[in-house]
Structure formats: C-alpha cells, structure tokens
Amino acid sequence: MDADRHRPRRRRVRPVRPARRAPDRGTALVVLMLLLAAANLLAACEPNFGVLLAALVLVGLGMGGVWALAAGLAPRLVPPDSVGAATSLIFSGVAAASVLGVPAGAFVQASAGWRAAFAAVAVLAAAVAAAMAALLPRLPAAEPASGARTARPSRGRPAVATGLAVTILLVTGHFAAYTFVRPVLEETAGLGPGGVGALLLLYGVAGVAGNFAAGLRAPHAPRATLAVLAAGLAAAVVLVPVVGTTHAGASVLMVVWGLAYGGVSVGVQTWLLAASGPDDAERVTALFVGVFNGSIALGAFAGGLVTDTAGTGPLTAVAAALAAAALAVTLTAARRGR
C-alpha cells in the first residue's frame with residue numbers, strides 16, 4: 001500500500017487536435033458578397049418591418065466582413081512597392097460610393113420605388129461576387145505566427161493602439177459634424193437644398209482625390225500623412241462659421257474637408273499594416289474596421305446630443321477639437337517613434 005502511495009502518477013496525455021484552417025480569403029469574400037446580394041433581395045421582397053430589419057442586419061454583417069478582408073489584401077496581391085497605390089484603390093470604393101451611392105439610390109427610388117433600389121444593389125452584389133470568383137487567385141489564410149509573436153497580441157503594441165486612437169478621434173469628430181452638415185451649411189451660408197447638394201458633390205469628388213493622394217504618400221511617411229490630414233480636417237471644420245458664410249467660402253472649405261477626410265481610411269490602414277506586420281495584418285485590419293464603424297456611430301450619436309442640447313452652432317468646434325486631439329496624438333507618436 002505504501003509503495004503504491006508513493007508511486008508517481010501517470011499524466012493523461014490529451015490528443016492534440018489539428019487546428020482548424022480558416023477558409024480561403026477569396027472564397028470568403030465571394031460568400032460575403034452573396035450574403036449581401038441575398039440580404040438586399042430579402043429587403044426588396046420584405047413583407048413586414050421585422051424582416052426588413054433582419055435583412056439590414058445581414059447587410060451590415062456582410063459589409064463589415066467584406067471590408068475587414070478586402071482592406072488587408074493589397075500586400076498579398078501586388079509587389080511591396082505597389083501596396084500603397086493598391087490600398088488606396090481598394091479604399092477608393094468607399095469614397096466613390098459616398099459620392100455615387102446616395103444619388104444613384106435616390107434616382108432609382110424616385111423612378112421605380114425603394115424596393116427596386118434594394119433589388120439593384122442585390123444584382124450588383126451578385127455581379128461582384130461572380131467577378132471575384134473568376135478573377136481572384138487563391139488566398140489562403142496566413143499561418144499564425146509562433147513563439148514571442150504569438151504570445152504578444154498585435155492589439156497590445158503601442159503603434160497599433162496609437163493608430164486606433166487616431167482613428168477614433170478623427171472619425172468621431174468628422175461624423176459629429178458631417179451627420180448634420182446640411183443644416184449647418186443652410187444656417188451658415190444660407191444655402192438651399194440645391195446649393196447644399198452641389199457642395200456635397202464637390203466634397204465627395206475631393207474625397208476621392210484625397211484618398212489617392214494619401215495612398216501615394218502614406219507608405220513613405222504614414223505618421224506625417226495622418227498629421228497633415230488631421231490638421232486639414234481641424235482647420236476646415238473650425239473655419240466653417242467664419243469662412244463658410246458665403247457660397248465661395250463654403251466651397252473651398254468643403255474641398256479641404258473632403259481632401260482631408262478622404263485620406264483618413266487609407267492613411268490609418270497603411271499605418272496599421274506597417275505597425276502590425278504581415279502575420280497580424282488580417283487581425284489588425286478586422287480590429288480597425290470594427291473601431292472605424294463604431295466611431296461612425298459614436299460620432300453621429302455625439303453630434304445628435306450636441307444638436308439637441310445646444311443646436312448646430314457648437315458642432316464644428318467639437319469636431320475640430322477631436323481632430324486637433326488626433327493631430328496631437330500623431331505628433332507625439334512620431335516623436336516617440338510609435
């Protein structure tokens with residue numbers, strides 16, 4: 001009995017289960033686009049509000065997934081010296097959609113009803129899915145890093161955390177003011193719906209240009225690029241009550257605003273890709289997309305609170321203060337090498 005008591009116990013060895021492989025990224029993108037097509041078709045055919053709400057939730061899930069995967073694909077599709085241009089081309093879709101999407105949807109709605117608008121988007125999503133299935137190469141998931149890189153999560157790295165903080169400040173500030181840009185321009189410059197629409201078109205075109213300009217510059221100096229964008233956004237927004245009192249002044253400010261904010265997505269994405277490295281690019285990009293979309297909601301919510309409390313007057317000051325804070329964080333990170 002004593003001998004059995006002191007005999008070392010054998011440890012049970014648990015069988016090692018093979019890690020599940022993530023699906024091919026090209027296949028995942030095709031599936032997500034088909035989900036978007038199905039969700040929009042469901043919205044077009046909805047029999048009641050509950051089904052419409054469920055369809056819109058599916059649209060959000062599909063769009064979030066597409067953005068998270070597509071935004072980080074440039075380094076895997078093109079040579080290193082073309083990553084900046086490819087990333088800006090990917091993000092140009094967001095900028096172009098902001099210019100063309102709303103007017104096109106409004107035109108289809110006015111011509112054939114809102115159900116036709118959802119049906120048109122479903123057809124476009126299905127066409128894009130077919131194009132991706134035919135043109136995208138195999139894009140297997142990146143192998144997980146080993147050793148110290150695995151033990152240290154990418155989101156804990158100072159450079160990644162700083163880039164995400166800049167994202168929160170810039171996007172929240174932008175949408176706090178931009179969500180209510182129509183009443184701001186109507187009150188400040190005395191513009192009617194036609195004049196405001198023309199300025200928003202001008203803003204959108206400038207946003208596309210800013211996207212490509214930032215994409216060319218950001219790979220060489222991501223922090224300096226973000227500093228210029230933050231300064232431009234802060235200046236344009238804070239000057240709206242001063243310079244934007246005339247149509248010409250408001251036009252100039254909207255162009256500067258569009259150029260500055262149009263480069264934010266590609267600028268921050270380039271910063272994060274450089275900070276994370278190829279092994280963590282997908283995880284960091286997914287985190288960036290989540291933070292970006294959360295900041296859109298936070299900015300719109302904050303702008304609504306300010307408007308309900310004090311009117312549209314303080315909106316530009318709040319947005320400029322957040323952009324200035326983003327500039328300060330960027331400059332501090334540049335001095336510390338983060």
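A residue counts as buried when its relative accessible area is under 20%, as exposed when that area is over 50%, and as partly exposed in between. The structure discussed here is a predicted model. By the burial cut-off, E46 is buried, because its relative accessibility is 9%.

E46 is a useful place to enter the fold. The residue sits in the loop between α2 and α3. Leaving out residues up to four places away in sequence, E46 touches V51, L52, W114 and R115. With R115, E46 also forms a salt bridge, in which the closest N and O atoms are 3.2 Å apart. This pair links distant parts of the chain: E46 belongs to the loop between α2 (25-44) and α3 (49-70), R115 belongs to helix α6 (residues 114-135), and 69 residues separate them. The two partners are covered to unlike degrees, since E46 is buried at 9% relative accessible area and R115 is partly exposed at 36%. Side chains of opposite charge can pair when their charged atoms come close.

The chain as a whole has 16 helices and zero strands. Of its 338 residues, 42% are buried. Among contacts with a separation of 6 or more, 81% are between residues 24 or more positions apart. The accessible surface of the chain is about 18000 Å², and carbon and sulfur atoms account for 68% of this surface.

The count of salt bridges is two. Besides the pair of E46 and R115, there is one between the side chains of R182 and E186, with an N to O distance of 3.1 Å. R182 and E186 are both in helix α9 (residues 181-189), and because they are four residues apart there, about one helical turn separates them. R182 is partly exposed, with 44% relative accessibility, and E186 is partly exposed too, with 28%.

The interior can be followed through its nonpolar cores. In soluble globular proteins, nonpolar side chains tend to be buried together. The largest nonpolar core here has 46 residues, and the members that touch the most others are L170, W257, Y261 and F288. Helix α8 gives the most to this core, namely nine residues. There is also a second, separate core of 17 residues, which includes V66, L73, M132 and L139. One of the residues of the largest core, F288, has contacts beyond its neighbours within four places in sequence: F91, L164, T167, S265, V268, Q269 and L272.

Several of these contacts of F288, including S265, V268, Q269 and L272, are among the buried residues of α14. Helix α14 (residues 264-276) has 13 residues, so at 1.5 Å a residue it should span 18 Å, and its end C-alpha atoms are indeed 18 Å apart. The helix is mostly covered, with 11 of the 13 residues buried. Others in the buried set of α14 include V264, V266, W271 and S276. S276 also marks an approach between separated parts of the sequence: its C-alpha atom is 8.1 Å from that of R157, although the two residues are 119 apart along the chain. R157 is placed in the loop between α7 (148-151) and α8 (158-178). R157 counts as buried because its relative accessibility is 10%.

Helix α10 (residues 193-217) offers another check on helix length. Its 25 residues reach 36 Å from first C-alpha to last, close to the 36 Å expected at 1.5 Å a residue. Among the buried residues of α10 are the glycines G195, G204, G207, G210 and G215, along with V196, L199, Y203 and N211.

Toward the end of the sequence, T316 is found in helix α16 (residues 315-336). T316 is buried, with a relative accessible area of 6%. Apart from neighbours within four places in sequence, T316 is in contact with V184, V237, V238, V240 and P241.

The last stop is on the surface. F49, L53, V57 and L61 form a nonpolar patch there, with about 430 Å² of accessible area together. Within this patch, V57 lies in helix α3. V57 counts as partly exposed because its relative accessibility is 48%.

Note on methods: Residues are numbered from 1 along each chain as its sequence is written. This is a predicted model: local features need pLDDT of at least 70, side-chain atom pairs count only at pLDDT 80 or more; totals for chains, interfaces and linings use all residues. Side-chain values use heavy atoms; hydrogens and water are left out. A salt bridge is a side-chain nitrogen of Lys or Arg within 4 Å of a carboxyl oxygen of Asp or Glu. Helices (H or I, at least four residues) and strands (E, at least two) are DSSP runs, numbered from the N terminus. Buried means under 20% relative accessible area, exposed over 50%, partly exposed in between (1.4 Å probe, protein chains only). The expected span of a helix is 1.5 Å times one less than its number of residues. Patches are made of residues with over 30% relative accessible area and no salt bridge: like charges are joined within 9 Å, nonpolar side chains (Val, Leu, Ile, Met, Phe, Trp, Tyr) within 5 Å. Accessible areas come from the Shrake-Rupley method with a 1.4 Å probe; for residues, only the protein chains shown count as cover. Contact means heavy atoms within 4.5 Å. A nonpolar core is a set of buried Ala, Val, Leu, Ile, Met, Phe, Trp, Tyr and Cys residues joined through side-chain atoms within 4.5 Å.
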